[in-house]
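The following note sets out some points on the structure shown below. They concern the ligand site, the aromatic pairs and a number of individual residues.

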Amino acid sequence: MYSLPSMPSTTSVLSTYTAFAASAMLVRSMLSEVQTLVNQFIPQKLQEKISSSLGRLFGNISSQLVLIVDEYNGLSINEIFQASEVYLNTRITPSVEQLKVSKDPGNKSISVTIDKGQQIIDTFEGIELAWQFVCTETQQTVVDFESWSQSSGKKEHRSILLSFHRNHKEKVLNTFLPYVLERFKAIKNEEKVLKLQSLASYEGVNLNHPSTFDTLAMDPGLKKEIMDDLDRFVRRKDFYLKVGKPWKRGYLLHGPPGTGKSSLIAAMANYLKFDIYDLELASLTSNSELRRLLASTTNRSILVIEDIDCSIELQDRQNRGYNQGESQQLTLSGLLNFIDGLWSSCGDERIIVFTTNYQDKLDPALLRPGRMDMHIHMSYCTPCGFKILASNYLNVKNHSLFSEIDELIVEVEVTPAEVAEELMKNEDVDIALTGLIGFLERKKGMKLKQLNVEEQKADDKQKENDNKNESQEKEEKWEKNKVKRNKRKKARRAKGRT
Ligand SMILES: Nc1ncnc2c1ncn2[C@@H]1O[C@H](COP(=O)(O)OP(=O)(O)OP(=O)(O)O)[C@@H](O)[C@H]1O
Ligand SMILES: [Mg+2]
């Protein structure tokens with residue numbers, strides 16, 4: 001699929017600007033005619049007074065500069081638009097006539113935003129600034145190259161116009177806009193609702209995953225190591241710049257299903273207040289599409305590629321190289337090139353996370369040192385993990401049944417997901433914990449049974465081998481004796497002849 005926008009977004013905004021500039025020119029030419037009349041009929045002193053009043057009246061129109069802030073810069077999101085949009089919602093004045101209100105299911109508060117066409121007058125260090133939301137719709141044609149069919153729909157182009165006296169150009173560009181970007185960062189940090197974006201569809205939903213490092217059942221040492229690593233990463237902007245490394249970090253999470261890999265990603269996003277982009281490799285068709293999607297992601301975000309072992313044919317790399325042009329199929333090599341190349345060079349403060357259930361199935365190219373900064377093993381539930389789950393689910397820190405559970409938990413392979421499910425079955429602490437003990441004992445019983453079956457199988461195999469060896473030995477002996485027997489026979493025959 002490829003989108004052919006019938007008109008670029010800037011065109012519509014530019015036409016708005018052109019109309020604006022045309023009216024400014026008209027006012028200017030009117031001003032000059034008035035000036036000529038004044039010169040002809042009015043005395044010098046009075047002329048100066050009128051001229052300065054007219055200048056005051058019209059001066060701020062003719063000397064205005066308009067900055068056009070489009071939502072997209074080519075395929076990438078324009079961060080100044082993003083920041084301005086969020087910043088403007090904090091600058092809503094009583095003069096605004098139309099506002100949009102909404103509430104997401106996962107968000108407790110109502111969000112109030114400015115509607116298209118609305119203007120906001122703002123001031124910054126004595127400078128008067130006028131913001132305006134501009135929204136235009138264009139017809140867009142979508143061509144599906146597989147079926148060679150065309151469909152069309154409307155696409156919305158959003159822009160923000162910022163106008164102010166042209167004398168303040170330097171200050172607005174060098175001080176005010178960086179201030180807006182800073183405000184945006186601060187507001188986002190305060191926000192509780194993060195975005196979970198599916199990169200296959202471009203549609204974002206609020207990340208409403210309550211998982212945090214507090215609720216995660218995992219080894220406390222490893223948990224601390226990850227949190228320290230994240231803290232170090234976000235604080236070391238200057239360090240990355242100094243050593244010439246892209247400000248990025250990669251994590252590979254591996255472990256059996258239900259051990260908390262996805263929960264850990266949500267905890268990381270909640271901890272850093274980063275958005276999540278969930279990239280579904282299975283739905284991609286080419287490296288160029290992957291490039292397009294990656295370009296649409298924003299800073300301070302986590303790019304997640306789950307189940308990397310299932311997503312693409314990993315052993316396919318030698319056959320289909322990355323450098324075969326734009327239209328070739330998606331390959332692991334293409335993906336890795338993005339990690340090292342394009343992705344590294346686009347944006348800052350980004351994290352990439354791969355998850356897999358089978359670390360040993362992965363291509364060594366993905367596992368080699370330096371490719372992913374940290375390999376995190378999510379293990380089966382430990383006594384320590386169980387205590388965290390018991391505290392989360394039953395609000396109990398200690399209990400007489402804990403020691404029995406601890407003993408059982410080290411004997412069987414049980415995932416935190418399974419333990420959590422058992423603990424959720426009853427609100428009564430005793431009943432829930434007894435239920436868990438029953439579950440663990442059944443697992444242990446099954447494990448012993450499995451061990452017995454395996455032992456029996458091993459015994460049978462040994463016996464089979466012993467029997468085989470025995471008959472083989474007999475055969476070999478018979479063969480050996482056969483040679484001797486034949487010699488004896490020959491000797492007897494020779495004796496008989498003489
Ligand atoms: N370590 C954990 N700490 C707390 N809860 C957990 C943990 N692991 C699993 N859970 C619980 O089990 C559910 C499933 O876990 P999760 O989806 O994070 O596992 P996963 O490792 O990503 O599994 P998969 O490999 O199938 O994707 C979670 O929603 C959570 O309730
Ligand atoms: Mg998962």
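**Notes on the predicted model**

1. Phenylalanine 233 and tryptophan 247 are both buried. The structure is a predicted model, and these two residues form one of its aromatic pairs. Their ring centres lie 6.2 Å apart with the planes at 50°, so the pair is classed as tilted. An angle of 50° falls short of the edge-to-face class, because that class requires planes over 60 degrees apart. Phenylalanine 233 belongs to helix H5 (residues 220-235), whereas tryptophan 247 sits in the loop between helix H6 (237-243) and strand E12 (248-254); the pair therefore ties together parts that are 14 residues apart in sequence.

2. A second pair may be set beside this one. Phenylalanine 386 and phenylalanine 402 are arranged edge-to-face, with 5.0 Å from centre to centre and 75° between the planes. Phenylalanine 386 is in helix H13 and phenylalanine 402 in helix H14 (residues 402-411), so this contact ties together parts that are 16 residues apart in sequence. Both phenylalanine 386 and phenylalanine 402 are buried.

3. How many aromatic pairs does a search of the whole structure find? The search returns 13. Ring pairs also join Tyr87, Phe124, Trp131, Phe176 and Tyr179 into a cluster. Of these, Tyr87 is a buried residue of helix H3 (residues 79-88).

4. The surroundings of ligand 1 deserve a separate point. The ligand is surrounded by 16 residues, and the closest are Ala217, Gly258, Lys261, Ser262 and Ser263. By class, this shell has eight nonpolar, seven polar and one charged residues. Helix H7 (261-272), helix H13 (383-394) and helix H15 (416-423) each supply at least two residues of the shell, and the largest share, three residues, comes from H7.

5. Where does ligand 1 lie with respect to domain 2 and domain 3? Domain 2 (205-377) and domain 3 (382-479) both give residues to the shell, so the ligand lies between them.

6. Three short distances between polar atoms of ligand 1 and the protein may be listed. A nitrogen atom of the ligand is 2.7 Å from a polar backbone atom of alanine 217. An oxygen atom of the ligand lies 2.9 Å from a polar backbone atom of glycine 258. With lysine 261 the side chain is involved: one of its N or O atoms is 2.7 Å from an oxygen atom of the ligand. Taken alone, ligand 1 exposes 620 Å², and the protein buries 73% of that.

7. Histidine 254 is located in strand E12. Is this residue buried or exposed? Its relative accessibility is 10%, so histidine 254 counts as buried. The side chain of histidine 254 makes a polar contact with the side chain of histidine 377, at 3.4 Å.

8. Helix H3 has several buried residues, namely Phe81, Ala83, Ser84, Val86, Tyr87 and Leu88. At the start of H3, a side-chain oxygen of asparagine 78 comes to within 3.0 Å of the backbone nitrogen of isoleucine 80. Arginine 91 follows in the loop between H3 and strand E5 (99-102); arginine 91 is partly exposed, with a relative accessible area of 29%. Arginine 91 and isoleucine 120 are 29 residues apart in sequence, with 7.5 Å between their C-alpha atoms.

9. Backbone geometry calls for a remark on two residues. Most residues other than glycine have a negative phi. Glutamate 125, although not a glycine, has a positive phi of about 45°. Glutamate 125 occupies the loop between strand E7 (119-124) and strand E8 (127-144) and is exposed, with a relative accessible area of 53%. Lysine 273, also not a glycine, has a positive phi of about 60°; its place is the loop between H7 and strand E13 (275-278).

10. The final point concerns glutamate 411, which lies in helix H14. Glutamate 411 has a relative accessible area of 34% and is therefore partly exposed. Along the chain, glutamate 411 and lysine 443 are 32 residues apart, and their C-alpha atoms are separated by 9.5 Å.

Terms used. Residues numbered from 1 in each chain as written. Chains lettered and ligands numbered in written order. Predicted model: local features only at pLDDT ≥ 70, side-chain atom pairs only at ≥ 80, totals over all residues. Heavy atoms only, no water. Near = heavy atom within 4 Å. Polar contact = N/O pair within 3.5 Å; in protein donor to acceptor, adjacent residues only side chain to side chain. Areas by Shrake-Rupley, 256 points an atom, 1.4 Å probe, with all protein chains shown as cover. Helix = DSSP H or I, 4+ residues; strand = E, 2+ residues; numbered from the N terminus. Nonpolar A, V, L, I, M, F, W, Y, C, P; charged D, E, K, R; others polar. Domains from an automatic or database assignment. Phe/Tyr/Trp six-rings, centres within 6.5 Å; stacked < 30°, edge-to-face > 60°. Buried < 20%, exposed > 50% of the residue type's maximum accessible area, 1.4 Å probe, protein only.
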